[in-house]
Amino acid sequence: MGMYHIGVMLALKEAGITPRIIAGSSAGSIVAACIAVRGLDDLYDHHQMNYSAFPEGDRRSLLWHLKRYFQEGYLMDNKALVKFLRDNIGDYTFQEAYDKTGWILNITATGASEHDENRLLNYLTAPNVLIWSACAASCALPYVFGATEIYCKNADGQIETYVPFKRMFVDGSIGADLPMNNLSVLFNVNTFVVSQTNPWYTLC
């Protein structure tokens, strides 16, 4: 369902009103990140994308997922998701993506602890954060994917954790699905085009 966001962006492009500033939470963060790093054309042509992280025929049984849920507290392992993200986004930071394409990418992540704040990650607030790790955190829907850390590049270009003390993050839709106030403050945004693909909206 998250792939419907691609159609929205293509429609905006065809109308000549493609925005420079894009924000994504959960599945929307993947689409926004791929656009910001690779551009719309690559995303539209699925042959340009690498889906080897999800091989055909590799389907775990429901019993296997339930066993993991009772043992570890979530149904699915995010390793395949992380591989897909790194295969298609690479180790770009928010600043590097902005320098490459000019897109202003924003991704939301929610602190897993009750004392953690929600984060709006972009080239101003988190320039050295790796986009794939922000996406993985923003997609970490509780009980489906486990909470995850966010990573960044240090001054030597080495990858390390962004927030110390093992701070974990979960789905960005939980705390800041539509970060309109922050986008208004940071980038003077006053007009929003919102695309939501949550299943409960389609069921209403």
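Start by selecting Cys139 and Cys135: the sulfur of Cys139 is 6.3 Å from the one in Cys135, its closest cysteine sulfur, and that is too far for a bond. A disulfide here is a pair of cysteine sulfur atoms within 2.5 Å. Cys139 itself is buried, with a relative accessible area of 8%. As for the cut-offs, buried means under 20% relative accessible area, exposed over 50%, and partly exposed in between, using a 1.4 Å probe and protein chains only.

A word about what you have open: this is a predicted model, where local features need pLDDT of at least 70, side-chain atom pairs count only at pLDDT 80 or more, and totals for chains, interfaces and linings use all residues. Residues are numbered from 1 along each chain as its sequence is written, and side-chain values use heavy atoms, with hydrogens and water left out.

Now add Cys34 to your selection. The closest cysteine sulfur to that of Cys34 is again in Cys135, 7.2 Å away, too far for a bond. Cys34 counts as buried at 2% relative accessibility. How many disulfides does the structure hold? Zero.

**Helix H7**

Stay with Cys135 and select the helix around it, H7, residues 131-138. Helices (H or I, at least four residues) and strands (E, at least two) are DSSP runs, numbered from the N terminus. Eight of the eight residues of H7 are buried, so the helix is largely enclosed by the rest of the structure. Among them are Ile131, Trp132, Cys135 and Ser138.

**The aromatic pairs**

Next, show the rings. A search of the whole structure finds three aromatic pairs. Rings of Phe, Tyr and Trp (its six-membered ring) pair if their centres lie within 6.5 Å; planes under 30 degrees apart count as stacked, over 60 as edge-to-face and the rest as tilted.

Pick Tyr123 and Phe187. Their ring centres are 6.3 Å apart and their planes are at 25°, so this pair is stacked. Tyr123 sits in the loop between strand S3 (119-121) and H7, while Phe187 is in helix H9 (residues 180-187), so the pair ties together parts that are 64 residues apart in sequence. Is Tyr123 buried or exposed? Tyr123 is buried, at 18% relative accessible area, and Phe187 counts as buried too, at 15%.

Then go to Trp132 and Tyr151. Here the ring centres are 5.9 Å apart with the planes at 25°, so this pair is also stacked. Trp132 belongs to H7 and Tyr151 to strand S4 (residues 151-153), so to speak two distant parts of the chain, 19 residues apart. Trp132 counts as buried at 7% relative accessibility, whereas Tyr151 is partly exposed, with a relative accessible area of 25%.

Finally, add Tyr98 to the Tyr123 and Phe187 view: these three form one aromatic cluster.

**The cavity**

Tyr98 and Tyr123 also lead you to the next stop, since both appear in the lining of the largest cavity. On a 1 Å grid over the protein atoms alone, a cavity is a set of points where a 1.4 Å probe fits but cannot get out, and lining residues have an atom within 4 Å of a point. The search finds one cavity of 30 Å³ or more, and about 40 Å³ of space lies in it. Grid points are joined across faces, edges and corners, and the volume is the space filled by probe spheres set on the points.

To see the lining, select Phe94, Ala97, Tyr98, Trp103, Ile104, Leu105, Asn122 and Tyr123. Helix H6 (94-101) and strand S2 (104-111) each give two or more residues to it, with H6 giving the largest share, three residues.

**Two unusual backbone angles**

Select Ser26, in the loop between strand S1 (21-24) and helix H2 (27-38). Ser26 has a positive phi of about 55° although it is not a glycine. Most residues other than glycine have a negative phi. Ser26 is buried, with a relative accessible area of 18%.

Now jump to Asn188, in the loop between H9 and helix H10 (199-203). Its phi is near 60°, another positive value in a residue other than glycine. Asn188 is exposed, at 64% relative accessible area.

**Last stop: confidence**

Colour by pLDDT, the predictor's confidence in each residue, from 0 to 100. Confidence is lowest in H10, at a mean of 53, and highest in H6, at 95.

Note on methods
1 Å grid on protein atoms, 1.4 Å probe; cavity = no way out; pocket = protein on both sides within 12 Å on 5 of 7 lines; lining within 4 Å.
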